[in-house]
Each structure stands twice: as C-alpha cells, then as structure tokens.
Amino acid sequence: QGLLRRSVSHSLLSFGSITGACRAIQKLTRVRVVDNSALGNTPYHRPPKCIHVYNKTGVGKVGDKILLAIKGEKKKALIVGQKMPGPTMTPRFDSNNVVLIEDNGNPIGTRIKTPIPYTLRRREGEFSKVLAIARNFV
Amino acid sequence: RVSSDGKPPKFQPPPKPVIIDKKTQKEETRFLSPEFIPPRGRTDPLKYYMERKDMIQRRKVFNIPEFYVGHVLAVTTADPHASDKSKRFVGICIQRGGKGLGATFVLRNVIEDQGVEICYELYSPRIQALEVLKLEKRLDENLMYLRDALPEYSTFDVNMKPVPRMDHEEIPVNKLQVRMKPKPWSKRWERPKYNIKGIKFELPEHKMKAAEKWSQPWLEFDMLREYDTSKIEAKIRKELSEELEK
C-alpha cells in the first residue's frame with residue numbers, strides 16, 4: 001500500500017510524504033522541478049530522479065548541475081534548493097528544488113515562482129539566465 | 001459586636017499590610033536570554049565570562065530584543081549578492097539553540113507554497129536589524145513539528161505590520177493545537193520524549209497507546225540530571241545590569 005501511495009503522479013502529490021531523511025542530492029533522489037517548463041509540469045507515473053551529479057563527489061548541493069531522468073528522457077538541471085541544512089544564514093527548503101537547463105546553461109522554462117537562495121548570485125556568469133527568470137529571492 | 005461580659009471587646013490590632021515591592025519582583029523575573037546561561041560541564045567558567053563580555057559589547061551596539069520560540073520576527077541581514085546589499089526575511093521562530101556567541105535561532109516561513117527555514121546567528125555582525133512583529137509564546141519550546149503540519153500554520157505575510165505590545169509584563173501564550181499532514185512525519189511527534197502539547201493528534205487510540213511504550217517516567221525523578229540555574233542566573237543578571245549601566 002505504501003508503494004501505491006508513492007507512485008501517484010508527482011505534480012498532484014505534495015512532497016511531504018517522501019522519506020524524512022535530509023541529505024543533499026545524489027543518484028536516485030527524487031527532485032521537484034520548479035520552473036514552468038512543459039517537461040517539468042506534465043504529470044507522469046514516475047517522479048523525476050537524479051541519475052548523475054556533475055561533481056567530484058557524487059553529492060550535489062545548491063548550485064551544482066545534475067542529470068535528471070524525466071518522462072523517459074535525460075535532461076540536465078540546476079539545483080536551486082535542498083532539504084539538507086547548509087551553512088548558517090543560508091535558507092533550507094522543504095523540498096529538493098531543481099530547474100531544468102540545456103547543455104549550454106539556458107533554462108527551458110520561462111518563469112520560476114519558488115524562492116531561490118541569494119548564494120546563486122555569486123556565480124552570476126554561469127547562471128545569469130536562470131537568475132533572470134527567477135522572481136523571488138530568499 | 002456583642003461582647004461576652006458586657007465589657008468593650010478586646011482590642012484587635014489591624015492586620016499588618018503586606019508590601020509587594022514590584023520593582024524587586026520585576027528584577028528577579030526579568031527576561032534573561034537563554035544563551036547567557038552556561039551549559040553544564042567541566043569547562044573553565046573564565047571561557048563563559050569572556051564570551052559574556054563580548055555578547056554584552058555586541059548588545060550595546062545592536063539591540064537584540066527579547067523573544068521566545070513562537071514569535072514572528074523580521075530579520076534584515078547584509079548580503080553582498082542582494083540588491084541594495086541587504087535582505088529581509090520574516091518568519092516564526094521555531095527553535096533557539098546554542099550557547100554563548102554561537103547562539104542561533106531558526107525562522108520558518110512558507111513562500112509561494114515552498115517552506116523555507118533559515119538558521120540565523122544572534123551575534124553575527126551581518127544582522128542589521130531584528131524586529132519582533134508578533135509577540136506570542138506557544139505551548140512548546142521547539143516548534144520543529146511545524147514542518148509536518150499543514151502549511152497554513154507556517155505562513156506569515158512578509159509585509160506584516162508589527163502588532164503593538166499591550167502590557168509591558170505579560171507575553172500571551174497561544175494555545176493553538178496544530179493539525180498535521182498525514183503520516184509519515186520527519187519525527188514521531190506522538191512519542192512522549194518530545195512532550196509536545198501543541199499538536200491535535202488525530203491518530204487512532206491504539207497508536208497513541210503504542211507510543212506510550214517509549215515513555216521514560218523515571219527521567220523526571222533522576223537527580224543526576226537536575227541542573228539548577230537559579231543561582232547562576234542571579235549572578236549573571238547582576239553582571240549584566242552592572243555592565244549595561246557602564
């Protein structure tokens with residue numbers, strides 16, 4: 001019965017019912033796509049999962065690029081919020097948030113409603129386009 | 001009055017007036033921030049004395065208001081990456097931790113359906129302003145269960161106006177019983193070790209009874225765990241009042 005509950009489409013179900021352990025993002029973590037792209041928002045019977053982290057360690061924190069498996073496709077994404085507590089003064093979100101991105105760094109969606117941490121602004125050069133479509137900062 | 005012998009009744013002196021000196025009472029019960037009280041241990045008290053001196057120095061420059069868990073605060077911090085170099089965050093204080101200069105408090109708010117928590121350091125020089133928007137104590141000292149409660153209990157308007165404080169003496173206790181999302185929760189809040197009074201448990205009876213299995217009723221009688229802070233508090237209060245007058 002627990003399996004049945006978890007496999008309900010991700011866009012309808014709130015992410016509070018997933019395991020309570022808070023670690024950063026690594027392979028096979030289920031993530032939440034935050035922008036308004038069609039790929040991220042259409043419901044599918046499997047939630048988007050991380051399959052690779054572009055990092056020396058396999059652990060992805062805010063500002064790292066990862067490879068996502070969505071709707072049977074592979075797509076790169078940028079981590080914009082994590083459930084794991086980070087350094088003090090940085091925000092900790094209640095879900096692992098991710099923004100879909102192309103290989104050259106262009107975001108696929110056109111708007112990001114959820115708040116984004118200010119620390120991403122440090123890497124203005126790489127993420128300028130993602131930061132441009134973001135609305136709220138925390 | 002009717003006397004027994006026809007003589008005038010024995011002189012009864014009037015009852016002595018009980019003088020309640022409100023000033024001294026106020027001194028004893030005035031708020032002492034919990035990070036001033038040193039933790040139990042075998043460290044040299046000199047370390048805590050030096051930390052307290054630094055804390056008082058910081059408090060002279062920057063006003064840290066009195067606040068408890070459950071208050072709604074607005075914090076303005078300095079940030080090189082923000083526009084106007086400063087950012088403001090409003091949230092309910094769910095936890096106060098740490099002692100000495102590393103004292104922290106966690107503020108929680110739900111923005112655009114996304115729960116955000118930020119852990120701030122009280123004595124960090126990056127904090128530019130700390131305003132208390134709503135004064136309200138809750139039934140518990142740790143509101144971590146708000147993460148598993150319905151999001152309406154953690155949403156606070158970012159442009160909230162500060163609620164004016166009525167009395168200079170009492171802080172109202174909000175006896176709100178919070179409704180939770182369906183299980184699983186991040187922690188099993190129904191267990192007696194958390195001792196939470198602010199949740200309206202809608203669990204079936206047998207689950208609540210099963211949770212009682214983990215109760216440890218002998219803990220409150222354990223004398224080795226007692227930490228009487230009244231004398232330490234009185235000493236620290238005296239120290240504080242002396243330093244702040246300088």
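# A walk through chains A and B

Hello everyone. Across the interface of chain B and chain A there are nine residue pairs in polar contact, both residues of each pair being at pLDDT 80 or more. That confidence value is there because what we have on screen is a predicted model.

Let's stay at the interface for a moment. Which elements of chain B give two or more residues to the side that touches chain A? They are β2, residues 86-97, β3, residues 104-111, and β4, residues 114-121. The largest share comes from β4(B), with eight residues. If you sort the residues on this side of chain B by kind, you get nine nonpolar, six polar and 11 charged.

Now for the extent of the interface. On chain B, 26 residues are in contact with 22 residues of chain A. The area buried between the two chains is about 2,000 Å², and carbon and sulfur atoms give 54% of it. Three residues deserve a pointer here: H81(B), E112(B) and Q114(B) supply 31% of the area that chain B buries against chain A, more than any other three residues.

How many salt bridges are counted between chain B and chain A? The count is two. One of them you can find by clicking on E117(B), which forms a salt bridge with R92(A); the closest N and O atoms are 3.4 Å apart.

There is also strand pairing between the chains. Strand β5 of chain A, residues 91-93, pairs with β4(B) in the antiparallel sense, over three bridges. Within that pairing, F93(A) has V116(B) as its bridge partner. As a reminder for anyone new to this, strands of a sheet pair through backbone hydrogen bonds, either parallel or antiparallel.

Let's move into chain A. Here we find an open sheet of five strands in the order β1-β6-β4-β3-β2, with mixed pairing. The edges are β1, residues 32-33, and β2, residues 49-53; each has a single partner strand, so one side of each is left without a neighbour in the sheet.

Further into that sheet, β3(A), residues 65-70, and β4(A), residues 73-81, pair in the antiparallel sense over six bridges. Two positions help to trace the register: I70(A) stands opposite E73(A), and the bridge partner of L67(A) is K76(A). These two strands form a hairpin with two residues between them, and in the turn K71(A) has a positive phi of about 50 degrees. On its other pairing, β4(A) is joined by five bridges to β6(A), residues 97-101, and the two run antiparallel. There, I79(A) stands opposite V98(A).

While we are on backbone angles, let me show you another residue in chain A. L28(A) is not a glycine, yet its phi is positive, near 75 degrees. You will find L28(A) in the loop between α1, residues 2-6, and β1 of chain A. For context, most residues other than glycine have a negative phi, and most peptide bonds are trans.

That brings us to chain B and its own backbone feature. Where in chain B is P184(B) found? Look in the loop between β7, residues 173-174, and α3, residues 205-211. The peptide bond from K183(B) to P184(B) is cis, with omega near 5 degrees.

Finally, let's zoom out on chain B. Chain B has four helices and seven strands. Reading from the N terminus, there are two helices, then the seven strands, then two helices again. As for its dimensions, the radius of gyration of chain B is 24 Å, whereas a compact globule of 246 residues would have one near 18 Å. Along the principal axes, the C-alpha atoms of chain B fill a box of roughly 90 × 60 × 45 Å.

Thanks for listening, and I'm happy to turn the model around for anyone who wants another look.

Conventions
Residues are numbered from 1 along each chain as its sequence is written. Chains are lettered from A and ligands numbered from 1 in the order in which they are written. This is a predicted model: local features need pLDDT of at least 70, side-chain atom pairs count only at pLDDT 80 or more; totals for chains, interfaces and linings use all residues. Side-chain values use heavy atoms; hydrogens and water are left out. Contact means heavy atoms within 4.5 Å. Buried area is the accessible area (1.4 Å probe) that two parts lose on being put together, summed over both. A salt bridge is a side-chain nitrogen of Lys or Arg within 4 Å of a carboxyl oxygen of Asp or Glu. A polar contact is a pair of N or O atoms within 3.5 Å; within protein, one must be able to donate a hydrogen and the other to accept it, and residues adjacent in sequence count only if both atoms are side-chain atoms. Ala, Val, Leu, Ile, Met, Phe, Trp, Tyr, Cys and Pro count as nonpolar, Asp, Glu, Lys and Arg as charged, and the others, Gly among them, as polar. Two strands pair if DSSP finds at least two bridges between them. The radius of gyration is taken over C-alpha atoms; the globule rule is 2.2 Å times the number of residues to the power 0.38.
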